[in-house]
Amino acid sequence: MNPNFSLSRWRAEWAPSVPRELLAGAVATFALIPEVIAFSFVAGVDPAVGLYASFIISIVIAVFGARPAMVSAAAGSVALVAAPLVASHGLQYLLAAGLLAGVMQIAFGLCKMGSLVRFVSSSVRTGFVNALAILIFSAQLPHLHGANTATWAMLALGLALIYGLPWLGQRLQLKALTAIPSPLICVLVLTLLGSFMGLPLKTVADLGHLPDSLPLLALPEIPASLETLRIIALPALAIAMVGLLESVLTAAVVDDLTGTPSNKSRECTGLGLANVSASLFGGIAGCGMIGQAVGNVKYGGRGRLSTLFAGVFLLILMVALKPWVSRVPVIALVAIMVMVSVSTFDWKSLGNLVRHPRLSSSVMLVTVIITIATHNLAAGVVAGVLLSGVFFTFKVANMLQVRGSLDEADDLYTWTVSGQVFFASADALIEAFDVRAAAGRRARIDVSGAHFWDITAVGALDKVMERLRQHGCRVELKGLDDASQRLIERIRV
């Protein structure tokens with residue numbers, strides 16, 4: 001093997017540009033802090049539990065995940081599923097459920113279940129992205145409810161810095177203004193202004209208790225019994241499925257942003273290893289964070305180093321630099337999250353609502369509406385996938401055509417069938433045959449342009465042929481393809 005090739009491949013995967021990877025990872029870290037703390041409250045656990053999890057998950061997923069530059073951490077969708085278990089049985093049972101969920105995700109990855117993302121249509125993916133962008137933005141509104149003048153002024157300044165500095169740097173061709181991501185400058189400037197001017201601003205310290213030590217490795221303190229397994233089994237399955245769904249969809253979004261592919265099944269396995277590790281270190285299970293991943297990519301993250309540094313930098317901020325981080329105004333993080341939500345939303349989809357087929361637009365809107373109504377990304381995606389399946393089935397079923405013609409010279413009535421025959425079109429096949437028109441004649445059914453997919457389709461064909469025989473017809477079947485023939489033989493055995 002060529003060592004230079006191996007080195008170049010390793011660098012391309014881990015750190016195409018080390019400074020850019022570190023800065024992008026730092027942006028993702030500041031975007032993580034408010035959401036992780038908020039999701040911890042949703043789950044009913046201490047913020048330290050969510051922050052520890054985010055650190056561990058980022059480290060493990062950077063090494064074992066399949067999608068470079070993707071950010072994974074403690075997520076809101078998992079928190080919603082975990083909250084009832086915490087309320088009824090406490091944190092230790094949640095850690096056990098997260099451990100079991102991680103094992104399930106590893107198994108799902110080994111079984112190649114990540115490939116199921118292929119069944120999620122682009123309309124559902126767009127709805128998923130747009131709904132998440134709206135949820136990210138709405139999550140910032142409580143920080144602005146009843147806000148004072150200083151808070152609004154700092155929000156305006158923060159957004160001006162985030163959007164204005166890159167624009168100014170390009171106009172004036174000043175690399176200094178574009179080399180450092182503007183969200184980091186926003187955090188620094190607003191923190192200095194808030195501290196030196198003594199402005200009445202809510203700070204990170206007001207969000208909850210921050211970690212003051214490194215996480216420790218330990219098994220969940222619960223009884224090892226079948227009763228414990230009964231308690232955690234269903235929550236663990238829910239955590240596993242929700243986490244996998246959000247992670248593979250986030251990976252697909254990053255694929256589109258970077259123009260590079262990723263192995264979704266390996267991503268499942270990597271997420272499982274990350275959640276097992278997080279649970280053993282006292283953290284809640286997590287999954288892909290699309291908003292933070294989009295922010296990471298937007299500011300230059302392309303390799304695994306950006307993901308790794310997002311977790312390492314989070315731990316440094318929360319433990320080693322805790323006194324300084326505690327002074328960061330929450331409004332600075334709100335400004336970053338507003339930027340993340342704006343970047344995440346697919347603005348072209350608004351125009352596509354008119355240009356795209358109505359069924360596709362309906363799927364996208366349903367995905368958005370259900371996700372926002374339930375605050376559950378998995379519910380919205382599942383609804384969108386089911387609706388896409390129904391619409392697709394309806395469309396394919398309507399493509400079935402049956403044409404009849406009479407050859408009086410040969411006293412032969414021929415039906416030509418074209419299209420797909422399956423459970424949704426089987427009744428239409430039966431109804432298309434006017435058996436009385438061929439009564440007493442020879443009848444030919446030409447299916448060379450059709451394919452029979454399931455037992456319902458075979459049953460429909462049998463019913464048509466039986467009706468023709470009952471009307472005195474001698475029936476001939478022509479053009480049955482090999483796959484359909486094998487299906488019929490297998491069913492009739």
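**Figure 1. Overall view of the predicted model.** An assignment of domains divides the protein into domain 1, residues 12-351, and domain 2, residues 399-492. In this predicted model, the C-alpha centres of domain 1 and domain 2 are 57 Å apart. The secondary structure consists of 21 helices and 6 strands. Measuring along the principal axes, the C-alpha trace extends over about 100 × 65 × 60 Å. Of the 493 residues in the protein, 51% are buried. Among contacts with a separation of 6 or more, 84% are between residues 24 or more positions apart.

**Figure 2. Helix α4 and its kink at A82.** Helix α4 covers residues 76-89. With 14 residues at 1.5 Å a residue, α4 should span 20 Å, and the distance of 20 Å between its end C-alpha atoms therefore agrees with that value. The helix has a kink of about 40° at A82, shortly before the proline P84. After α4 comes G90, which has a positive phi, near 100°.

**Figure 3. The packing of the buried residues of α4.** The buried residues of this helix are G76, S77, V78, A79, V81, A82, A83, L85 and V86. They pack against three helices, α2 (18-43), α5 (91-110) and α10 (226-258), and against the strand β2 (287-288). A82, the site of the kink, is one of these buried residues.

**Figure 4. The open sheet of 4 strands.** The strand order is β3-β4-β5-β6, and the pairing is mixed. β3 (401-407) and β6 (474-478) are the edge strands; each has a single partner strand, so one side of each has no neighbour in the sheet. From one strand to the next, the twist averages 20°.

**Figure 5. The β3-β4 hairpin.** β3 and β4 are antiparallel and are paired over 7 bridges. One bridge links L406 to its partner Y413 in β4. The two strands form a hairpin, with 4 residues between them. In the turn, D411 has a positive phi of about 50°.

**Figure 6. The β4-β5 pair and helix α20.** Strand β4 (residues 412-421) and strand β5 (residues 442-452) run parallel and are joined by 9 bridges. L412 is placed opposite R442 in β5. Helix α20, residues 455-470, lies across β4, β5 and β6. The direction of α20 is at about 170° to β5.

**Figure 7. The surroundings of W14.** W14 belongs to helix α1, residues 3-14. The relative accessibility of W14 is 18%, which is why W14 counts as buried. Apart from neighbours within four places in sequence, W14 is in contact with E21, A62, V63, G303, R304, L305 and L308. L217 is 203 residues from W14 along the chain, and the C-alpha atoms of the two residues are separated by 27 Å.

**Figure 8. The loop residue S326.** S326 lies in the loop between α14 (322-325) and α15 (330-344). Because the relative accessibility of S326 is 16%, S326 counts as buried. Its contacts, leaving out neighbours within four places in sequence, are with T203, V204, A205 and L210.

Definitions and conventions:
Residues are numbered from 1 along each chain as its sequence is written. This is a predicted model: local features need pLDDT of at least 70, side-chain atom pairs count only at pLDDT 80 or more; totals for chains, interfaces and linings use all residues. Side-chain values use heavy atoms; hydrogens and water are left out. The expected span of a helix is 1.5 Å times one less than its number of residues. The bend at a residue is the angle between axes fitted to the seven residues ending there and the seven starting there. Buried means under 20% relative accessible area, exposed over 50%, partly exposed in between (1.4 Å probe, protein chains only). Contact means heavy atoms within 4.5 Å. Two strands pair if DSSP finds at least two bridges between them. Axes are lines fitted to C-alpha atoms, for helices over the stretch in contact, and angles run from 0 to 180 degrees between N-to-C directions. Domain bounds come from an automatic or database domain assignment.
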